[in-house]
Amino acid sequence: TVTVAEAQSKTAAAMRKIGWDAEDAALQAEIMTAAELCGNNQGLVKMYNPSLMAPSPGAAKPTIERETPTSAVVNANQSPGMLAAVNAADLALQKLRSQDGPIAIVTAYNTSTSSGQLAFYCERMARQGAIGIALANSPEFVAAAPGGKPIFGTNPVAFGIPQAAGPPLTFDMATSAIALFGVLTSKAKGEPLPEGVAYGRDGGFTTDASEALEGGAIATFGGHKGAGLSLCVELLAGVLSGGAVVGQCESKKLAKSWGHTMIAIQPDLLVDGFEAKAAAVLAATKASGPSIRLPGESSARTAAERTAADALPIPKQIWESICRTAEHGLPEQ
């Protein structure tokens, strides 16, 4: 294990070494370390192959377009999804605070990679007292139904609800039956996938991660309900943001324009006592049966335990990659 501060600072150093300026390196290190802290599988594993984290050719700082008092569009200019998403979330909160209305919306497009743990951005807004909602579309990995070709991304949606006592409640889910990183992890470890989460080349279910990724597809969760929700995320995070979408580009993977939509809501402009009422709902839900776990509860507990111990368990190969990159940068080709 390493301390939380050491993990974040060493990762930031590695990001600087591969070409990011101090601000962008620190932001991405913060986001990855936060995911690692709560046990999310989109944390420091991203640094296992640091060349994939290097700036894209021609990438530039995100810029703002189509700006109004309550909305904006972030053109990420091929910056990674983490930078686009945090810019969009922060701008949504800024716009919420600078006008009299209860809602602000900011989208982002032209991003080169995934934004990672979507709950991070919702929690970031919720810690400032706003309800945060985030949606993201991504390249074709998920089939709409058995036998279909990949058409959707894993298309996650996340919520952050401010609470008077304790950290915000967060709920973050892929609309696929398993997250892409779950499939990649199974492939890397040579482990079978859970039953019923992916299709093989023949359109039937498979537990072979390699087949799912090469000629197969990931399934949606919950059959037609998951497919419907995934479609809505494709429309609200892909189409609405100006990102790459099926039917308008040959391949979302090649287009490299992942879309994000961030919504910030000021609850006390819509209702009195929101946090107290929300707390009552959560308490009643928790008390409604044995062993009921609220969304984000396990992640928050893991983060609290690791923070209290100031110890972050990082797989040896990943930590060695981070340290090597921080000292030497990328290996010469």
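In what order do the seven strands of the open sheet lie?

## Sheet order and edges

In this predicted model, the open sheet of seven strands follows the order β1-β2-β3-β11-β4-β7-β8, and its pairing is mixed. Its edge strands are β1, covering 63-68, and β8, covering 169-173, each of which pairs on one side only. From one strand to the next, the twist averages 10 degrees. As background to these pairings, strands of a sheet pair through backbone hydrogen bonds, either parallel or antiparallel.

## Two antiparallel pairs

At the β1 edge, β1 and β2 run antiparallel and are joined by four bridges, and the hairpin that connects β1 to β2 passes through two residues. Within this pair, Glu 65 has Val 73 of β2 as its bridge partner.

Elsewhere in the sheet, strand β4 (residues 131-136) and strand β11 (residues 258-265) also run antiparallel, with six bridges joining them. Here Ala 134 stands opposite Met 262, a residue of β11.

## Helices packed on the sheet

Helix α7, made of residues 224-239, packs on the sheet and touches β4, β8 and β11, while its direction makes about 100 degrees with that of β4. Helix α3, made of residues 81-97, lies across β1, β2 (71-75), β3 (103-111) and β11, and it runs at about 160 degrees to β3. Strand β11 is therefore named among the contacts of α7 and among the strands that α3 lies across.## Overall dimensions

The protein holds eleven helices and eleven strands. Its radius of gyration is 20 Å, close to the 20 Å that the globule rule gives for 333 residues, so the protein is as compact as a globular protein of that length. Taken along the principal axes, the box filled by the C-alpha atoms is roughly 55 × 45 × 45 Å.

## The second largest pocket

Rolling a probe the size of a water molecule over the atoms shows where empty space is left. The second largest pocket contains about 200 Å³ of space. It is lined by 14 residues, and those closest to its centre are Gln 163, Pro 167, Leu 169, Leu 282 and Leu 294.

Two helices, α9 (274-286) and α10 (297-309), each supply at least two residues of the lining of this second largest pocket, and α9 gives the most, with three residues. Sorted by class, the lining of the second largest pocket has ten nonpolar residues, together with two polar and two charged ones.

## The cavity

How many cavities of 30 Å³ or more does the structure hold? The structure holds one cavity of that volume or more, and the space in the largest cavity comes to about 40 Å³. The residues that line the largest cavity are Trp 20, Gln 28, Leu 52, Met 53, Ala 54, Pro 80, Ser 112 and Thr 113. By class, the lining of the largest cavity divides into five nonpolar and three polar residues, with no charged residue.

## Backbone angles in two loops

Most residues other than glycine have a negative phi, and most peptide bonds are trans. Asn 77, although it is not a glycine, has a positive phi of about 55 degrees, and its place is in the loop between β2 and α3. Ser 291 is likewise not a glycine and has a positive phi, here of about 60 degrees, and it is placed in the loop between α9 and α10. The loop that holds Ser 291 thus lies between α9 and α10, the two helices that each supply at least two residues to the lining of the second largest pocket.

Note on methods
Residues numbered from 1 in each chain as written. Predicted model: local features only at pLDDT ≥ 70, side-chain atom pairs only at ≥ 80, totals over all residues. Heavy atoms only, no water. 1 Å grid on protein atoms, 1.4 Å probe; cavity = no way out; pocket = protein on both sides within 12 Å on 5 of 7 lines; lining within 4 Å. Points joined across faces, edges and corners; volume = space filled by probe spheres on them. Nonpolar A, V, L, I, M, F, W, Y, C, P; charged D, E, K, R; others polar. Pairing = 2+ DSSP bridges. Axes fitted to C-alpha atoms, helices over the stretch in contact; angles between N-to-C directions. Contact = heavy atoms within 4.5 Å. Rg over C-alpha atoms; globule rule 2.2 N^0.38 Å.
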